[in-house]
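Hi,

Here is the structure I promised to pass on to you. Please have a look at it first, and then read my notes underneath.

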Amino acid sequence: MKDIYILAIESSCDETAAAVVKNGREVLSNVIYSQIALHTEYGGVVPEIASRKHIEKINQVIRAALDEAEMTLDDVDAIAVTYGPGLVGSLLVGVAAAKSIAFAKDKPLVGVHHIEGHISANYIQDVTLEPPFGCLIVSGGHTHLVEVKDYGEYVVHGRTRDDAAGEAFDKVARAIGLGYPGGPKVDKLAKEGDCEAYSFPRAVVADSPYDFSFSGLKSAVLNLVNQAKMKEEELNKADIAASFQAAVVEVLVSHSMLMCENYGYKTFALAGGVASNSAIRAAFDKACKERDIKLVYPDPILCTDNAAMIGAAGYYEYLKGVRMGYDLNAVPNLKLGDI
Ligand code: KG4
Ligand code: ZN
């Protein structure tokens with residue numbers, strides 16, 4: 001079969017990214033311009049600033065991805081782009097760039113669901129990985145438990161009812177003064193803390209064994225911090241980080257393992273920015289080993305937003321014959337079931 005080269009573009013939140021991926025599995029380049037430093041002083045992503053920066057950077061990032069792959073636009077077989085979910089102004093920049101290239105070079109245009117991209121990072125990580133498998137997606141905006149039935153075919157078994165796991169990490173980090181983005185900072189500080197110092201709630205959702213709820217946990221941490229402030233008591237931040245993280249880990253692992261048990265998955269994958277958390281990785285390593293389940297998780301650079309994962313997902317959409325018109329629009333609230 002002829003080799004297929006995909007030029008992929010991702011701009012759904014605060015990373016401007018482009019990549020060239022060969023046959024959905026081999027990364028020839030993966031260029032990421034992170035805007036994190038710009039948003040840090042505001043304590044979170046400012047959508048208006050994000051879109052403006054995407055416009056400034058998108059052409060440079062695409063150029064760099066092609067150069068690094070030693071390719072020109074004429075050499076690629078298709079253009080894949082994230083069209084949702086995400087921030088509308090951010091998504092539009094990537095979508096407009098992809099449409100322009102597809103039109104100018106008369107190349108097929110493939111729209112990719114951002115979460116499908118996160119899941120597909122695992123195809124790059126483990127070139128032998130094939131569906132079906134179970135997957136936990138934990139990112140800044142999403143927490144989903146799904147079955148990957150086939151390439152591009154998903155059954156959602158569980159999702160969060162309120163905050164996403166990453167959102168909870170970021171809010172707790174802010175409450176204990178760690179700043180944005182909080183996930184990696186909580187991860188680091190938790191290593192110095194006692195995870196049994198505080199007993200935070202492990203929420204279960206009635207009648208939905210695979211759904212998550214993190215708002216109660218988040219409120220418990222915020223209440224603790226506020227009460228301590230009022231009483232002018234010093235709190236051990238490392239203990240809070242460790243105890244909070246332990247509560248998140250326990251719920252993620254128990255729900256995921258229950259799904260594997262009930263549906264008989266022999267392979268399980270982690271995806272999304274929060275999947276680079278060291279405690280989550282260690283807990284899944286242990287739980288999957290005990291159950292003889294093969295576990296896959298992407299390297300941290302493939303967990304957080306990047307375009308290589310969009311190239312992997314885009315390749316399988318391309319093979320299925322998915323083609324978008326020049327009227328492709330950004331869909332900020334695209335659902336996983338809409339893939
Ligand atoms: O997947 P991602 O890059 O963007 C979205 O699609 O949302 O995920 C970003 C999220 C942020 O909430 C960030 O705090 C979290 O991933 N994150 C982590 C870690 N690294 C990133 N959370 C916990 N531990 C980490 N090591
Ligand atoms: Zn993401």
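Helices α4 (114-125), α5 (165-175) and α6 (182-190) are a good place to start, since each of them supplies at least two residues of the lining of the largest pocket. Please keep in mind that this is a predicted model. The largest contribution to that lining comes from α5, which gives six residues. The space inside the largest pocket comes to about 1100 Å³. It is lined by 38 residues, and those closest to its centre are C13, G140, G141, D170 and Y180. By residue class, the lining holds 17 polar, 13 nonpolar and eight charged residues.

Next, the metal. The zinc ion (ligand 2) is held by H114 and H118, each through NE2, and by D305 through OD, at 2.0 to 2.1 Å. The site is tetrahedral, with four donor atoms and angles among them of 95 to 134 degrees. For reference, the ideal angle for four tetrahedral donors is 109.5 degrees. Along the sequence, the donor residues follow the spacing H-x3-H-x186-D. H118 sits in helix α4, while D305 is in the loop between α10 (300-303) and α11 (308-319), so this pair ties together parts that lie 187 residues apart in sequence. Both H118 and D305 are buried.

The other part I would point you to is strand β7 (residues 143-150). Is β7 largely enclosed by the rest of the structure, or largely open? It is largely enclosed, because six of its eight residues are buried.

Strand β7 has a partner on each of two counts:

- With β6 (residues 133-138), β7 runs antiparallel, and six bridges join the two strands. I137 has H144 in β7 as its bridge partner. The connection from β6 to β7 is a hairpin of four residues.
- With β8 (residues 153-159), β7 is again antiparallel, joined by six bridges. Here V148 stands opposite Y154 in β8. The hairpin of β7 and β8 has two residues between the strands, and G152 takes a positive phi near 75 degrees in it.

When you look along these strands, remember that in a regular strand the side chains alternate between the two faces of the sheet.

If you open the model with one view in mind, I would begin at the zinc ion (ligand 2) and its donors H114, H118 and D305, and then move to β7 and the bridges that join it to β8.

Happy to talk it through whenever suits you.

Best wishes

Conventions:
Residues numbered from 1 in each chain as written. Chains lettered and ligands numbered in written order. Predicted model: local features only at pLDDT ≥ 70, side-chain atom pairs only at ≥ 80, totals over all residues. Heavy atoms only, no water. 1 Å grid on protein atoms, 1.4 Å probe; cavity = no way out; pocket = protein on both sides within 12 Å on 5 of 7 lines; lining within 4 Å. Points joined across faces, edges and corners; volume = space filled by probe spheres on them. Nonpolar A, V, L, I, M, F, W, Y, C, P; charged D, E, K, R; others polar. Donors = N, O, S within 2.8 Å, 3.2 Å for Na, K, Ca; no water. Tetrahedral: all angles 85-135°; square planar, octahedral: opposite > 155°, others 65-115°. Buried < 20%, exposed > 50% of the residue type's maximum accessible area, 1.4 Å probe, protein only. Pairing = 2+ DSSP bridges.
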